[in-house]
Amino acid sequence: MSSLPLTQNINEQRDPVDLAAYEKNHGYEAVHKALKEMSPADCLQEIKDSALRGRGGAGFPTGMKWSFVPMDNVSEGHKYLVCNADEMEPGTFKDRLLMECDPHQLIEGMILSAWTIQADIAYIFIRHEYHLAARLLQEAIDECKAKGYLGNDILGTGFNLEMYVHSSAGRYICGEETALISSLEGKRANPRAKPPFPQISGLWGRPTIVNNVETLCNITHIIRNGAGWFKSLGLGADSGTKLFGVSGRVKNPGCWELPMGTPIRELIEQHAGGMQDGYKLRGLLPGGASTDFLVEEHLDLAMDYDVIGKAGSRLGTGTMIILDDKTCPVGMVKNLVEFFAQESCGFCTPCRDGLPWTAQVLDDIDTGKGMKVDMVTLKNQVRFIGAIGNTHCALAPGAMEPVSSAMKYFAEDFETHIKNKACSYCKTNSSTGGA
Amino acid sequence: MPTIYIDDEAYQVPEGDNVLQACLSAGIDLPYFCWHPEMGSVGACRQCALVQYRDAEDTRGRIVMGCMTPVADGARFSMSGGSAGEFRENVIESLMLNHPHDCPVCGEGGECHLQDMTVMVGHRNRRYRGKKNTHRNQDLGPLINHEMNRCITCYRCTRFYNDYAGGKDLSAQASHDHTYFGRQEDGTLESEFAGNLVEVCPTGVFTDKPLVNEYTRKWDMQSAPSVCVGCALGCNTLPGERYGKLKRIHNRFNDEVNGYFLCDRGRYGGSFVNDEQRALFPGLRQSNSTYNAIESIKAIQTLVDWCVPGNKLAAIGSPRTSLESNYLLQRLVGEENFSNGIAVHEAALIEQISGILQNGSVATPSMRKTESADVVLVLGEDVTNTAPRLALALRQSVRNLAKEMASDMKIPLWQDEAVRVLAQDQLSPMYIVAMSDTPLDDIAAQTLTLCPNDIARMGLAIAAQIDSSVPGTEGMLEGFDTETQKLITQISDSLKGAKSPLVVSGTGSQNAAVIEAASLIASALQTNGADGNDSMLSYCLPEANSLGVTLMRNEAQISLDDICQRAAEGNIETLIVAENDLYRRAAKEQIDTLLSKVKNLVVLDAIGTPTLSQSALALPAATFAETEGTLVSSEGRAQRHYPAFLPAEQRDSTWHWITQLGQALALPGFDELDHFDQITAACAAEFPALQQICEASPLADFRNKGLKIPRQTHRYSGRTAMRADISVHEPKQPQDDDTPLSFSMEGSNGSQPGALLPFVWSPGWNSNQSLHKFQSEAGGALAGGTAGVRVLDPANTGSTSKKTNLPVESKAKKDQWQLLPLYRIFGSEELSAHSPAIQELTKKPFIQLTPEDATKLKLSAGDGLTVNIANQDCVLEVQVNTTIPRGCAGYSVGLPGACWLPPATSVNLGKAEIRANSRGDDV
Amino acid sequence: MMNSKTDNPLQATSVLTPAELAEIDKEISHAPYRAAVAIDALKIVQKHHRWVSDESLNALADYLGMSPAELDGIATFYNLIYRRPVGEEVISLCDSVTCWIMGYNKLQQHIIKRLDVGLGETTDDDRYTFLPAPCLGACDRAPVMMVGNELHQNLDEAKIDQILKVKSSTSDVNNNGRQE
Ligand SMILES: Cc1cc2nc3c(=O)[nH]c(=O)nc-3n(C[C@H](O)[C@H](O)[C@H](O)COP(=O)(O)O)c2cc1C
Ligand code: SF4
Ligand code: FES
């Protein structure tokens, strides 16, 4: 029993393990166990007991999510399991690693998840750019089919499961689970109103579960090793391990599996090797582009859902982006908001029009055309766009998280831009010039 | 009824509503854009935000969208609390970032929901300093103007066009703030309901092109409640006038008839009213066949001379004009000298239907009610082309499966997206057995094309499958091949299982047995269908008053053929024809003969027709927009239309021309007919079936809060200046003694009976969205009651009508093709065919052949073909259609230039004269 | 909608090749209805033609039982469906946050100069189309770009020159849609 289960088979220097090698390292044991010895209800209970929380960004308890899937009218039609492998949140690069380096782990997790909710069709919705991962997953699926882990009457248990890789055609919004479902149906990826939740009416109007790649990979190990073991992996309140990442001006950017609750400082200083020479840390987005900035004072916080939440941010995807002292916070926030404005699906007003407006204000400030009143406007925008429920989905509120926290932590930067009618960082950091 | 609290005030609200709807019903002005009472909620615009509190202690609350929040007992909301007001202001401000601010030149200005909402939320200061996004506009054809820059991306257009109306050629394109609503490329919007975009779009993206081209603001239009004369459905309309011209037609809400929507024939077909060819004065024919304009007095004198007692008189009425006009004409000449002017074979069909509606056992639903059908069988009718608005209703009926699924899952039906997502492409079954493909085929579970007799046989076989005791249907099934037998079984099983099965048929196939079969199926369902089923039967009829004049029929009346006969015998000296082009009723040969035998032909009409141009005396009649009248729709609803404006110069209502003549002739009783109401009352007294028509609308002495009802809005401008180029003296406003309406802005518009709503406007609500202020609840019936009165009892217990002769199997005769009557929404109807916008969409008369026949005859699409029909050479454009049944050819009915078609006509196409690839251009 | 059956049905098969149709059919075989594979089908067509022309779109719409407007609404929603011609390979330079921090702007200017091509434009020799890309999920090796299907990491100007040089020497080999 590895204490770093997700990456136990991973070695980036070589090709991923094939089915035989995967099986050798206890691969698909959990499938044998679950399908033959555990009822779907048993599995669900195990997942609930494990207190696994979704790794896609929101941290919703996986067992609870699954418990809303109707289990009585099984024979009436399909149920679907969808793996969210869209990974387009800027600063996030963890699912790529899992899929490119150990595709069978994901497939095993999906078989187990499908068994639990009694889904008979599974999709891996993968972003277009992940060609390699898509190919490896397809090869792994083919291996599984040949071996009887997928298809009809899996391991003679009567359980059927088809699995397809669906490669997307771009656009960040496809990562939002209801937009993803619209896209899988071949439509424009507009999110859908909840309720009804996908567990009730999802893909093609049928019960559907959408989970992140990393969440599903965890299922394999929870079923194999038990909820108690999984809970013991975390350092704090949250159970299990997590793929954490650091990008930006650190010496050794990368992605590592570490226990839940690993302190931020350990991540940056130990695993990422600390800041590059000549650069100092000014802030960080702890879990991708749509999380609030944290600053120096937060470095000793544990990377736990509730701890980071209490500090005013979110754990998000657990892959952090570092803001250094030579990079302009206004420019960085502008870059983020421009991304979100561009990626808005265009359905609801605050997002579709409010984000470009916010980006325009930030651009004015960044390029020396800002006015004092712009700060009032920005604060207003945060109230307008920044709350869940104000918009149709969570894209726009997420987009405003770095804006509101930047205004809090880097207020003087905004002020000097406006006062000096110029950005002072252009001179210190050539890489951001003209941004 | 749950109680909700809004700003601490308690409101009893309808169960199952959303909060937006509940607020509007309660009179609270909560702004909104994307919600539509008929199309439900999707939560796109985020304008209807309010703050919801967990309980009385919660002081922070959270923002929710009214349209997406179900009402729940005890729920607490605030319009102004927290940042709700600021939020709504920000939404408008965001919507306006890229808006061109071109209200002064916008076709929506003054009735723009975006303007109203902007004012309502109080947004005034523009903070955005960036550049505006701009879009390229498209040419969407003659009906609709496209100005994408005004778009606020509420998605109402595609939700109406695609989701509600089944259109395919409009879509949302691109994404984020580049989202674009248009066609894939420039071109005429294909949906027959595209015109509703004008009213559905809350701003000026889709506007009425003919209106924009001769523009008048809503507040400067004079309007009156009216009824569409485009077909027999009787959709309620609001014609708007300025400077003596009909500017546009808007929908007039009627919860049982057309709801919120019209078809494009109805919306755009009215501008024949403005035809410059329309005469302004009576015309007396000279020996050289030109007409001399004469004064009305002179015309009446001439008529008196021609109509003196002893002179052999006859008159022909019309199914396209009011009961009152028809009634007076009959009274003038005596019923034994009166024909209602319907083609002989068609008259028989309509009488057959009228008999079924009056004496049959199955209820005829209102148009709205047809939407509740869970299984539909369309028998022999191309509904979209003969009764267009009904097709839109049928499109809603197929969604009942989805609604049922949603209800089972407790998803509120206003959650529009969720309901659609749940059912995906599953539809309630609709079966169409028709003569060719129809525009409803895309939602049909099964379609089959047959010639009329076979349609009837199939109908009888279905009836027999449902109830084997239906007389005369024994062995009917055996006549079909196994595949068709299977389909027959499928259809009858499906109908039998239905809670609310609906059979739709009509005069379109010109076949009595088809009509009979439809009735037999519906009554078989009533006895042998699902327990407690609510079987329904709808017939499509040809013209606005087809049913009315048929209900006015009595034994003494004569037919068109009788008139011809009498004329041939030299027994008609003076023939008065009211609003009828006889060449649309019989073969040219027959009418030519008739007219040549009549000494004094008097024709009253609003439009120029071949009949009118042969008259000795032509009297200019008023159109539907210029006069009052009562029409009976195909469901048996009597409805009154009112003049939106007075006819110019010496044009006059047909009923008034005849009253004057009767009075001049001192005919008994005519001196008592001073008012329109008296004519209606006399008509009602005379015909038992029409007893209730006086109740269709209040009488002329009705006053609303002591006042007449104004046809002009409060802000009607420039009245004193409108005629200043002619004279600086403002003429006195015309009096209107015949109706409760006034040609003025003074009066009271609000809370009056629904039949008397001349326009919708409410303070702060300048657009058509103000309608909810006139409804009992937002989206509900008009507070003043539904307009019109059903004169037919929906479910008499009488026995099924007498049996028709069973049709024989259609066998193709050698070298003969049976002509199938095919109708077109644009062009087949006489009046609308005179409207310029409709003319642009009207096809040349055509003949449709199967590909095999086309090959055999060496014809290809676009060829010109001269076919002899009823002894007249008709030039037709060849179309190839795979769905035409063998041995048949489709023939366009009523299109300008088409010949009149007797029923079940067969032609020999082998002898037809072919003009290859003329593409009909030199036709 | 009127008279649809009388129009000349689009000959889907004359525009879409048998190979494309076979791939599309495979997708359709496990979809609940034809239109459900719209995005897959657009991608298949694009794989074979680099982009989706009006002609292809119309044929495809016909094949999937959709209207061209509906299909174009889908095609134009997704940024990786190209409705305008692109070069042999698309250069997608990430412009999202970490790559911004790590200086993608300079690299963008460099590529613009080196290839004499603006953003969204195609080189005169039809070799490359230069597009901005949202985060490519390789932020730990920022700045990054993709050329065709190949990811290039830890970029600097010299590395870009090297990539483009190697590429142009093998430019007669069309790897479009083949590489990882
Ligand atoms: C705009 C937006 C983008 C998202 N993108 C992703 C994504 O790329 N990958 C992902 O797993 N979840 C993404 N999510 C979260 C998903 O909606 C969903 O919560 C998640 O897939 C659920 O999986 P989990 O419960 O396993 O975390 C996104 C959410 C939003 C609002
Ligand atoms: S979406 Fe919008 S109007 Fe539209 S009414 Fe609601 S939120 Fe409301
Ligand atoms: S920010 Fe460029 S790859 Fe992530």
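Chain A of this predicted model is divided into three parts: domain 1 covers residues 5-232, domain 2 covers 241-324, and domain 3 covers 329-420. Let's begin with the second and third of these. The C-alpha centres of domain 2 and domain 3 of chain A lie 23 Å apart. The two domains also touch: 14 residues of domain 2 of chain A are in contact with 16 residues of domain 3 of chain A.

Now look for ligand 1. It is surrounded by 18 residues, and the closest are Gly56(A), Asn84(A), Asn211(A), Asn212(A) and Thr215(A). What kinds of residues make up this shell? Five are nonpolar, seven are polar and six are charged. The element that gives the most to the shell is strand β5 (residues 208-212) of chain A, with three residues.

Some contacts with ligand 1 are worth finding one by one. An oxygen atom of ligand 1 lies 2.6 Å from a backbone N or O atom of Gly56(A). With Lys65(A), the side chain takes part instead: one of its N or O atoms is 2.9 Å from an oxygen atom of the ligand. Glu87(A) uses its backbone, where an N or O atom lies 3.1 Å from an oxygen atom of ligand 1. How much of the ligand does the protein cover? On its own, ligand 1 has 610 Å² of accessible area, and the protein covers 90% of this.

Next, follow the backbone of chain A to a loop between helix α8 (177-184) and strand β5, where you will find Pro195(A). Pro196(A) has its place in that loop between α8 and β5 of chain A too. Lys194(A) and Pro195(A) are joined by a cis peptide bond, with omega at about -5 degrees. Another cis peptide bond joins Pro195(A) and Pro196(A), and here omega is about 0 degrees. One more backbone detail sits in strand β3 (residues 151-154) of chain A, which holds Asp153(A). Phi of Asp153(A) is near 50 degrees, a positive value in a residue other than glycine.

Finally, turn to chain B. Strands of a sheet pair through backbone hydrogen bonds, either parallel or antiparallel. In chain B, seven strands form an open sheet with mixed pairing, in the order β36-β31-β35-β32-β34-β33-β37. Strands β36 (906-907) and β37 (913-915) of chain B stand at the edges with a single partner strand each, so one side of each has no neighbour in the sheet. At one of these edges, β36(B) pairs with strand β31 (residues 817-822) of chain B in the antiparallel sense, over two bridges. Here Ser906(B) in β36(B) stands opposite Gln818(B).

Note on methods. Residues numbered from 1 in each chain as written. Chains lettered and ligands numbered in written order. Predicted model: local features only at pLDDT ≥ 70, side-chain atom pairs only at ≥ 80, totals over all residues. Heavy atoms only, no water. Pairing = 2+ DSSP bridges. Helix = DSSP H or I, 4+ residues; strand = E, 2+ residues; numbered from the N terminus. Near = heavy atom within 4 Å. Polar contact = N/O pair within 3.5 Å; in protein donor to acceptor, adjacent residues only side chain to side chain. Areas by Shrake-Rupley, 256 points an atom, 1.4 Å probe, with all protein chains shown as cover. Nonpolar A, V, L, I, M, F, W, Y, C, P; charged D, E, K, R; others polar. Domains from an automatic or database assignment. Contact = heavy atoms within 4.5 Å.
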